[in-house]
Amino acid sequence: MSTVPQWRLRAAFATHLSEMYGREVPAYTTLVDVSREVNEDVLGERGADAERLGSIDRVTAERHGAIRVGTPQELSQVARIFAAVGMHPVGFYDLREAAASAVPVISTAFRPVDGEELARNPFRVFTSLLTPADSRFFDPDLRSRLENFLGARELFPQELLKLADCAATEGELPKAQAARFLELAVKVFELTQEPVDRAWYEELERVSAVAADIGGVRSTHINHLTPRVLDIDELYRRMTDRGIEMIDTIQGPPSWKGPDVLLRQTSFKALAEPRAMRAPDGSVTSGALRVRFGEVEARGIALTPKGRALYDDLLEQVDRQAAGHPPQQRGDIARSVWERHMPVDESELATQGLAYFTYEAAPGQSHQGHVPSDAAELVRVGRVRARPIVYEDFLPRSAAGIFQSNLSGEGTRDSAQEGVAYDAAWLSGAIGRDVLDPYSLYEEQQSRSLAQVARELGLKGTVG
C-alpha cells in the first residue's frame, strides 16, 4: 500500500489551503500572482544572490497561514492536526502588549523545525488563542458567557483528529487516508456559511474585533495566507498600481542597502465579505464582516539575542525620533537610524555575534596547515564559507501592527484592571507539548555546522 510521508502531507495541505483561500478571497490570488512576478524579476536582476536566503523554488512555494482559536482545548486539538504534517509550536508571542488597540490574544507558530524539512516545505501557521480571563478586556459576566459559548462548540471532528494522531505517530498515512485527512483539514478552515448572531458578535466587537472573529462564531477559518516575496517594496507598489488597497505601512525593519534581517510584512486591507446575520427575532438578513486580509512577507537573516536587542533598541530610537513627524517620514527616519547603527554587511553581523549562520569548509581545505579556531578568521582567509540562516519566525509588534491595521475599531481596554500573566511554559501546558525556543533552534543549527567544520578541518577542539 502506497503511503504519503508527513512532508508531502504538509506540502499538499498548504497547496489545498491556498487554493481554497484563493476561491474565497480572489484578491489573494492577485497577491500570489504579483509576488511570483516580483520574484521572477528579482531573480533575473540579481541572479544567484537572490537565492541566498532560500532557493526560488522554496520561496515560491512558501506560505504562512494564520488562525485563531478560543480555548486551550481547541489549541491542543489544532496542535494535533499540525503535528500530523510535521509542524511544532515555536515561540511565544503576547499580542496584548504589542498592540495599541485591543488584541486580547497570545500566540505561537506551528512550523517544521528541521533544516531539511524547512527546505522541503516551510509551511507555518501563526495561531492565536483568545484570553477571556484577562479582565482588562472582559468583565466577569462577558467572560462567563464567552467561555460558555466557546465550550459548547466543536471545531475539529473526531475523524480528523484520529487521522492526525495516526499520521503523527507513524510519520505517514496510507494514500486513501491521506486524501481524507486533507479533505477534512481544509474544510475546517473554510469560512462558514452559518448565520452569525448579530447581537452577540457586535457585543464582542465593541471589546475587540479580534475577539468577535474568534468568539462570535461557531467555527474557525484561515484569517490570512501569506506568500513570500523577495522585494516587498516593489510588491507594495505593484499591488497599489492594480487598485488593491494596502495598509499604510510595511511592518518590521526599514528598506535599506544593508543586510535584510528578521521579517518585513504588509497586507492588503481586510475586505467586506458577505455574511448571513441572525437578528434577535430569529430572522436572517445579509450583512458583511471585515475579518480576512492578504498578507505578504519578506524574510531576512535570523538575529541572535544580542542582535535582537539591538533591533529593539533601534525601533525605540525610531519611535522617539518619528514622534511629532508625519507618518510618511517614518521610513526615512528608520533608514537613517539603521545606517548609523546596524552593520552594513553579513561579515560584521557574524563577527559581532548579531546573527546566525551555518558554516562549511571550502573545497580542498581539509587538514591543510595551521587552522585558526575562530569562525570569523576562517571565513576571512577563505577556508570556511558562511551562509546566513533564514529567520523562520515572527515579530509580535509586526503581527500586532498587521492585526491593528485591519481592525474596524480600536476596541476597549480597562488598563486599571490587572492583566493575566501568560508565558511559554503556560502555553506549553495548554497545548500539551513543549513550545520550542526559536533562539535555541537557530543556535543548534549553527553549532552543528561548526562541529562539522571542526571535523573536516581536523581540529581537536571546536570552532567558535
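Ala14 is buried in this predicted model, with a relative accessible area of just 5%. Since the cut-off for buried is under 20%, that value puts Ala14 inside the class. The residue belongs to helix 1, which runs over residues 6-24. Leaving aside residues up to four places away in sequence, Ala14 touches Asn121 and Phe123. Glu443 is another matter: 429 residues separate Ala14 from Glu443 in sequence, and their C-alpha atoms sit 28 Å apart in space.

Stepping back to the whole chain, the model has 19 helices and 14 strands. Its C-alpha atoms fill a box of roughly 85 × 65 × 45 Å along the principal axes. A compact globule of 464 residues would have a radius of gyration near 23 Å, and the chain agrees, at 23 Å. Some 52% of the 464 residues count as buried. Among contacts with a separation of 6 or more, 75% come from residues 24 or more positions apart. On the outside, the chain exposes about 20,200 Å², with carbon and sulfur atoms supplying 48% of that area. As for charge, there are 53 positive and 68 negative charges, and the mean positions of the two sets lie 2 Å apart.

Next comes helix 2, residues 26-46. Its 21 residues should span 30 Å at 1.5 Å a residue, and the end C-alpha atoms agree with that, being 31 Å apart. The buried residues of helix 2 are Ala27, Tyr28, Leu31, Val32, Val34, Ser35, Val38, Asn39 and Val42. An α-helix has 3.6 residues a turn, so residues three or four places apart point the same way. Tyr28, Leu31, Ser35, Val38 and Val42, all on the buried list, follow one another at such steps. Right after the helix comes Gly47, with a positive phi near 65°.

Several of those helix 2 residues turn up again around Pro227. This proline is found in strand 8, residues 224-227, and counts as buried at 2% relative accessibility. Not counting residues up to four places away in sequence, Pro227 touches Tyr28, Leu31, Val32 and Ser35, along with Glu62, Arg63, Glu295, Val296 and Glu297. The first four of these names also appear among the buried residues of helix 2. With Glu62, the pairing spans 165 residues in sequence, yet the C-alpha atoms are 6.0 Å apart in space.

Leu262 is an odd one in its backbone. Most residues other than glycine have a negative phi, but phi of Leu262 is positive, near 55°. The residue lies in the loop between helix 12 (232-241) and strand 9 (263-268). Despite its place in a loop, Leu262 is buried, with a relative accessible area of 1%.

Toward the end of the chain, Leu436 sits in the loop between helix 18 (424-431) and helix 19. Leu436 is partly exposed, at 29% relative accessible area; that class lies between the 20% and 50% cut-offs, so 29% falls within it. Beyond residues up to four places away in sequence, Leu436 touches His88, Pro89, Val90, Gly91, Val113 and Leu441. Ala424 is 12 residues from Leu436 along the chain, with 8.4 Å between their C-alpha atoms.

Helix 19 itself covers residues 438-457. Its 20 residues reach 29 Å from the first C-alpha to the last, close to the 28 Å expected at 1.5 Å a residue. Buried positions in helix 19 are Pro438, Leu441, Tyr442, Gln446, Ser449, Leu450, Val453, Ala454 and Leu457. Leu441, one of these, is also touched by Leu436 from the preceding loop. The cover over the buried residues of helix 19 includes strand 3 (88-94), strand 4 (105-111), strand 13 (357-361), helix 16 (375-380) and strand 14 (384-388). Just past the helix, Gly458 takes a positive phi of about 75°.

Note on methods
Residues numbered from 1 in each chain as written. Predicted model: local features only at pLDDT ≥ 70, side-chain atom pairs only at ≥ 80, totals over all residues. Heavy atoms only, no water. Helix = DSSP H or I, 4+ residues; strand = E, 2+ residues; numbered from the N terminus. Expected span 1.5 Å × (residues − 1). Buried < 20%, exposed > 50% of the residue type's maximum accessible area, 1.4 Å probe, protein only. Contact = heavy atoms within 4.5 Å. Rg over C-alpha atoms; globule rule 2.2 N^0.38 Å. Areas by Shrake-Rupley, 256 points an atom, 1.4 Å probe, with all protein chains shown as cover. Lys, Arg positive; Asp, Glu negative; His and termini not counted. Charge placed at Lys NZ, Arg CZ, Asp CG, Glu CD.
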